[in-house]
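The exercises below are meant to be worked through with the sequence and the 3D view open side by side. Each task is followed by a solution that goes step by step.

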Amino acid sequence: MNADIKVALVGNPNTGKSTLFNVLTGLNQKIGNFPGVTVDKKTGFCDLPDGRHAQIVDLPGTYSLYPKSRDESIVFSVLADKSNPLRPDLVVVILDASNLKRNLLLYTQVADLKIPVVIALNMMDLAKKGGITIDVDGMAQRLGIPVVPISARRQEGIDKLKEAIAFASKIALQEDTIDVEALAPQLIGQISKEIRVDHNPYYALQLAHQHETINFITPAESARIEELEHEFGFHSQKAQASETIARYNFINDLLYDTVHQKVTAQEETLSNRIDKVLTHKIFGFIIFFGILLFMFQSIFAWSVYPMKLIADFFVWAQSSLHHILPSGPLTSLVVDGVMGGLSGVMVFIPQIAILFGFISILEDTGYMSRVTFMMDRIMRKVGLNGKSVVPLIGGFACAVPSIMSTRNIENWKDRMITIMVTPLVTCSARLPVYTLLIALVVPDRNVWWIFNLQGLALTGMYLFSLVSAVTVAFVMKYILKSRERGYFIMELPVYRMPRWKNVGHSMYDRVKAFVLQAGKVIIAVSVILWVLASYGPGDRFQRIDQKYHQPQYAQHLKSDDLHRAIASEKLENSYAGALGHVIEPVIRPLGFDWKIGIALITSFAAREVFVGTMATIYSVQGDAEKMESVQQKMHTAKNPDGSPVFTVAVAFSLMMFYAFAMQCASTVAVVYRETKNWRWPAAQFAYMTVLAYLASFITYHLLK
Amino acid sequence: MFCYKYNHMRLSQLEVGETGIVKEFTDLEMSVKLMEMGCLPGEEIRVSRIAPLGDPIAIHVSGYQLSLRKREASTIILQ
């Protein structure tokens, strides 16, 4: 679709910006990355009342054009960079009507960039409840632009807003807010003259502040600005402080004339009363752990049926395809390789959806920031930050989005430590590995009436992962050096009911990202594995076929057993088998044989590949992808000397390996993307592999 | 207001429920961030709660709730 007009949504966090974006664009939206950076870029289209199409881009929420994080720096780049393809023709600044003073700061900054602007005044109902009356027309007149009261949540005023967008002026009509030039008269004059001639003093001032971090001016220009700053004695922080004070003076004047707040006797708000319970000294923590417990119970309980449905579907699809398609290597590749791999990914969809549903509810209601508030002290002790709680909890689902969510941790060291330890948290990809191995060696019975032994073992693995993440963080606190000061200035938004549509959108987005990102890796791995396991060096395979065609085999073995004998001998002689034999001496001390070795190698692409690999290796009959059958086959698997392969020691040693090892290509890639330096993923990979080997070794020898 | 009897009373010294008016800051870098968030000289601040483990604190300022660590609160000098 071609856009007739480009519109950017700008606003503080927690102002309902995403809700407005969803209301304007519906499902007609696309998530991508801003060029050059990995900040989620949400764009969508919206039909305007005059028949034109508007492209809407949702910019990251920010309190000011002076960025405190990478996400926030996008806002200024998109608004100011003339060559940016997203540069809007019109900015819609969304303001929380119940909290106008702080919200207006960003408006005054955006307005001074002299891009046409419209204000959407959201949450009018909340403001009214708080005894705030706003003279909307008066405000529009004072600012010189359209001001549209809306309620994004109730979808009120949206048509008016669309009209305002459609009929907005093409040139910036807003009144000046502050005397920008007075802040640094000579510097602004000189920059405007030398660098860009666009007669916008605020743009020049922002260049002076941000020239070191923005990427749309040349190094020469940046160096020249630096020179000019020295020449005129420009002090960035001092200038910013006086600018902020000037802006708030303007805002106070504006609010004095247009907003009236009924003076109410300090009536206790509902939000405050909720906080008294949820951040209570004792109940606060009990409730938090209760919520976590409920979350994990639900993830497992609710996902059982959808997961079984998906697994059954793939089994059905695979067997039907086997019937329909002519048998041969291509069919085997598609059905066993690709479909087998696909089912491995798809099965996780319910768990990921449920987990992200919970996380977005916790964030949307405002509870997550309370958790941050409560946990900051503890987290700081171990070298993390209150804000690390969110990625760590998210790590139970998947480290990839969690590592992306560390971006709102402003402190570099806190953020790096969080990124380094998040992959230790038991993610959903480890779950099938654990459940398979636990079911194999832990008896399914209850102790103390209600505690199921298998459930206890699984819970143990989850708690163990948190302990190891915290311990590693504590150690890294002393290794990493940083001069930067950490700070923790954060809004505690008013409690709200979750917006179910947003929750749904977020679940959908995450699942889609997971299927696309992990899916690619898993399909690639399954295809490679299939090739490695189906072909062998030289004429080994032919010789095996010839050997089993001899009458002594054909007569003494049943056809099923014969097939199995042929296939397992072929596997041992395949490329994959050769690979497994190569690493066997290294993993022997951990209790693993060459077959487990193959699974370990393939699992370095993604952990969940383990089950599929085990299925391919141990299964040679048709229903390869069924967990039950994999489990049975692993249960009956014997070493050459006749002893079972999967003893308690081997199974727990294997689980310890999966608990620590960095077996996830997507995580390695995302850590690189986030840190922009190969040393971080390399260091992470190294320390996790060493820990995995040690933990496995110790476990095996203790339990043997 | 009773705060007046202290010299250089800092925000970190207020108990829950007490109020004060921002006078100045002891740290420029922190002041820039705090002012953006609405903690300006002349603005009234009320301590609304303290985290269960004693730090950070939550304050009510310019119509909303803000949380900050005690060390950060100690850079705010009240009138």
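**Exercise 1. Find the sheet to which both chains contribute, and work out the order and sense of its strands.**

Begin with the pairing across the chains, bearing in mind that this is a predicted model: strand 12 of chain A and strand 4 (residues 64-68) of chain B run antiparallel and are joined over two bridges. In one register of this pairing, A:Met490 has B:Ser67 of strand 4 of chain B as its bridge partner.

Next, follow the sheet into chain B, where strand 1 (residues 19-25) and strand 2 (residues 44-50) are antiparallel and joined by three bridges, with B:Thr19 bridged to B:Arg46 in strand 2.

Putting the strands together gives an open, antiparallel sheet of six strands in the order 12(A)-4(B)-3(B)-2(B)-1(B)-5(B). Its edges are strand 12 of chain A and strand 5 (76-78) of chain B, each of which pairs on one side only.

**Exercise 2. Describe the side of chain A that touches chain B.**

The contact involves 30 residues from chain A and 30 residues from chain B. On the chain A side, the elements that supply at least two residues each are helix 3 (100-112), helix 10 (236-258), helix 11 (270-278), helix 12 (283-324), helix 15 (367-381) and strand 12 (490-491). Helix 10 of chain A gives the most, with seven residues.

Sorting the residues of this side of chain A by chemical character yields 14 nonpolar, eight polar and eight charged.

**Exercise 3. Locate the largest nonpolar core and examine one of its best-connected residues.**

Start from chain A as a whole, in which 45% of the 704 residues count as buried and the secondary structure comes to 31 helices and 12 strands. In general, nonpolar side chains of soluble globular proteins tend to be buried together.

The largest nonpolar core contains 201 residues, and A:Val93 and A:Val118 have the most contacts inside it. Helix 29 (residues 648-660) of chain A provides the largest share, 10 residues, while domain 1 (5-166) and domain 2 (180-261) of chain A each give at least three.

Now take A:Val118 and set aside its neighbours within four places in sequence: its contacts include A:Leu90, A:Val92, A:Ile145 and A:Val148.

**Exercise 4. Decide whether two residues with positive phi are buried or partly exposed.**

For most residues other than glycine phi is negative, which is the reason to look at exceptions one by one. A:Lys114 has a phi near 60° and is found in the loop between helix 3 and strand 6 (117-122) of chain A. Because A:Lys114 has 18 C-beta neighbours inside 10 Å, this lysine counts as partly exposed.

B:Ser62, whose phi is near 35°, belongs to the loop between strand 3 and strand 4 of chain B. Here the C-beta neighbours inside 10 Å number 21, so B:Ser62 counts as buried.

**Exercise 5. Find the cis peptide bond in chain B, and ask how far the model of chain A can be relied on.**

The cis bond joins B:Asp55 and B:Pro56, with omega about -5°, and B:Pro56 is found in the loop between strand 2 and strand 3 (57-61) of chain B.

As for confidence, chain A has a mean pLDDT of 84, and 92% of its residues reach 70 or more. Over residues 620-627 of chain A, however, pLDDT stays under 50, although the model has 22 contacts beyond four places in sequence for this stretch.

Notes
Residues are numbered from 1 along each chain as its sequence is written. Chains are lettered from A and ligands numbered from 1 in the order in which they are written. This is a predicted model: local features need pLDDT of at least 70, side-chain atom pairs count only at pLDDT 80 or more; totals for chains, interfaces and linings use all residues. Two residues are in contact if their C-beta atoms, placed from the backbone, lie within 7 Å. Helices (H or I, at least four residues) and strands (E, at least two) are DSSP runs, numbered from the N terminus. Ala, Val, Leu, Ile, Met, Phe, Trp, Tyr, Cys and Pro count as nonpolar, Asp, Glu, Lys and Arg as charged, and the others, Gly among them, as polar. Two strands pair if DSSP finds at least two bridges between them. pLDDT is the predictor's confidence in each residue, from 0 to 100. A residue is buried if 20 or more other C-beta atoms lie within 10 Å of its own, exposed if 12 or fewer, and partly exposed in between; C-beta atoms are placed from the backbone. A nonpolar core is a set of buried Ala, Val, Leu, Ile, Met, Phe, Trp, Tyr and Cys residues joined through C-beta atoms within 7 Å. Domain bounds come from an automatic or database domain assignment.
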